[in-house]
Amino acid sequence: MKIKEVRARRIFNSNGGDAIEVEVESDVRTAKASIGAGTSVGKYEVNAYPENINSIINLVNNVFSKELRNLQIEKFGDLKKVEDYVNGHDTSENMNKIGGNVLVALELAILKACSNEPLYKILAKKKIKKMPIPLGNCLGGGKHSGGPDFQEYLILAETKKFDVAAEINREVFNAVKGELKKRDRNFIGGRGMEGGWNCSLNNLDALNVVRKAADKVGREYKIDVRVGLDVAGGSLWNGRKYEYKNFSRGNPKKNLNSEEQLEFIRKTIRSNNLIYVEDPFHDNDFDSFKELNKEACYICGDDLIATNPIRLNEALKKISAVIVKPNQIGSLLKVKEVINIAKDNKIVPIISHRSGETEDNSIAHLAVGWECPIIKTGIVGGERIAKLNELLRISEEI
Ligand code: PEP
Ligand code: MG
């Protein structure tokens with residue numbers, strides 16, 4: 001296809017902030033895309049948007065649109081032409097002037113405008129037979145919610161069926177509400193940034209509530225329903241220690257050094273049969289990740305890797321799963337590279353939403369088209385179910 005016109009506009013994100021949507025008109029069709037941005041942003045991520053978002057909107061509408069006109073794009077690899085062109089306008093390492101979100105939105109819109117086929121088919125090399133399984137956030141803390149220090153209490157059902165797993169996540173979410181009503185005197189039904197419940201329980205009591213709900217639903221479905229955590233260790237790390245404010249009953253404030261953190265997380269995994277722990281340590285502690293990776297549990301790097309192929313190469317054998325957030329690196333070509341490196345090294349790539357999402361459902365297509373076994377995209381909330389509902393539609397076609 002040939003690009004005819006490119007437009008950018010300001011839209012809203014789910015956190016009461018701004019996002020940018022890019023629309024591409026080609027000789028095949030017109031398509032638009034946007035991508036989420038984070039709140040607990042890792043040290044090694046590129047900038048999501050320039051400080052003045054009007055500057056990039058004007059640049060896209062007045063300059064990119066003219067200069068990209070007639071550019072020919074036929075396949076995924078042709079995005080190199082787009083990245084070379086856009087990066088020529090911003091030589092900073094962290095994409096200060098353009099913003100990673102803008103380049104990714106542009107690339108997604110261009111890919112969609114290539115064909116009348118759905119995005120996952122444009123990305124797929126062969127006929128897709130498998131759906132990703134949803135890793136659902138059912139209770140929030142940390143920078144997303146307050147309450148517990150852990151940022152996310154997650155659910156993963158041990159089934160290969162996407163629709164069953166998504167339904168189980170929803171049922172656990174509903175069961176957690178019932179438990180919170182009984183156990184948290186301050187609970188009034190509030191929810192955090194990614195839709196997970198807010199609560200005033202400490203870290204371990206909250207974990208107990210989620211576990212209980214997961215076990216109950218698991219028994220009903222006769223499927224193992226396992227619990228995971230996004231510790232978001234970088235948010236707790238003060239440069240010397242991990243600072244907890246809601247550690248446990250009778251001992252809410254606690255500071256742990258690196259060895260104590262390792263011991264605490266190891267014990268938490270074992271005593272709660274956790275299936276998944278994301279960012280248990282801060283963004284530079286590769287050694288502790290390596291040590292924890294001996295546990296029978298997915299040890300996942302999010303801020304540790306920041307969807308950066310160079311950082312993933314440094315983490316081989318130190319993690320068993322990696323979070324893939326396209327805007328962390330601001331390049332779809334590098335996102336694909338990260339997924340390839342992960343698969344070649346038996347690391348599970350997990351396509352992920354951000355806390356500040358839009359209704360765009362492209363990440364559902366990335367997960368299917370690039371055959372990622374897991375997608376992390378919340379359980380409730382319009383911007384979260386936009387992805388889940390698209391996956392339900394896609395699963396009918398597969
Ligand atoms: C995360 O840390 O995994 C996450 C989704 O949160 P945020 O988008 O705020 O980084
Ligand atoms: Mg994370």
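Trainee: Where is Ser-34 placed?

Mentor: Ser-34 sits in the loop between β3 (30-33) and α1 (53-68). Those labels are DSSP runs numbered from the N terminus, with helices being H or I of at least four residues and strands being E of at least two. Mind that this is a predicted model, where local features need pLDDT of at least 70, side-chain atom pairs count only at pLDDT 80 or more, and totals for chains, interfaces and linings use all residues. Residues are numbered from 1 along each chain as its sequence is written, chains are lettered from A and ligands numbered from 1 in the order in which they are written, and side-chain values use heavy atoms, with hydrogens and water left out.

Trainee: Why is Ser-34 called buried?

Mentor: Buried means under 20% relative accessible area, exposed means over 50%, and partly exposed is in between (1.4 Å probe, protein chains only). Ser-34 has 2%, so it is buried.

Trainee: What makes the pairing of Ser-34 with Thr-358 a polar contact?

Mentor: The two side chains come to 2.7 Å. A polar contact is a pair of N or O atoms within 3.5 Å; within protein, one must be able to donate a hydrogen and the other to accept it, and residues adjacent in sequence count only if both atoms are side-chain atoms. The 2.7 Å value is within that limit, so the label fits. Leaving aside neighbours within four places in sequence, Ser-34 is also in contact (heavy atoms within 4.5 Å) with residues including Ile-11, Glu-21 and Asp-360.

Trainee: How do you know that Asn-13 is buried?

Mentor: Asn-13 has 16% relative accessibility, which is under 20%, so it counts as buried. Asn-13 is in the loop between β1 (3-12) and β2 (18-26), and a polar atom of its side chain lies 3.4 Å from the backbone nitrogen of Gly-16.

Trainee: And why does Asn-70 count as exposed?

Mentor: Asn-70 reaches 51%, over the 50% cut-off, so exposed is the word. Asn-70 belongs to the loop between α1 and α2 (79-87), and has a positive phi of about 75° although it is not a glycine.

Trainee: Is Thr-307 buried or exposed?

Mentor: Buried, because its relative accessible area is 0%. Thr-307 also isn't a glycine, yet has a positive phi of about 50°.

Trainee: What makes Gly-250 exposed?

Mentor: Its relative accessible area is 80%, so it clears the over 50% mark. Gly-250 is in the loop between β7 (242-244) and β8 (254-256).

Trainee: On to helices. Why is α6 called oblique to α7?

Mentor: Helix α6 (residues 162-183) and helix α7 (residues 203-221) pack at about 130°, with axes 8 Å apart. Axes are lines fitted to C-alpha atoms, for helices over the stretch in contact, and angles run from 0 to 180 degrees between N-to-C directions. Under 35 degrees counts as roughly parallel, over 145 as roughly antiparallel, 65 to 115 as roughly perpendicular, and the rest as oblique. About 130° falls in the rest, so α6 is oblique to α7.

Trainee: Then what makes α7 roughly parallel to α9?

Mentor: The axes of α7 and helix α9 (residues 258-272) come within 12 Å and cross at roughly 25°. That angle is under 35 degrees, so α7 is roughly parallel to α9. The contact is made by Leu-204, Leu-207 and Arg-211 of α7 and Phe-264, Thr-268, Ser-271 and Asn-272 of α9.
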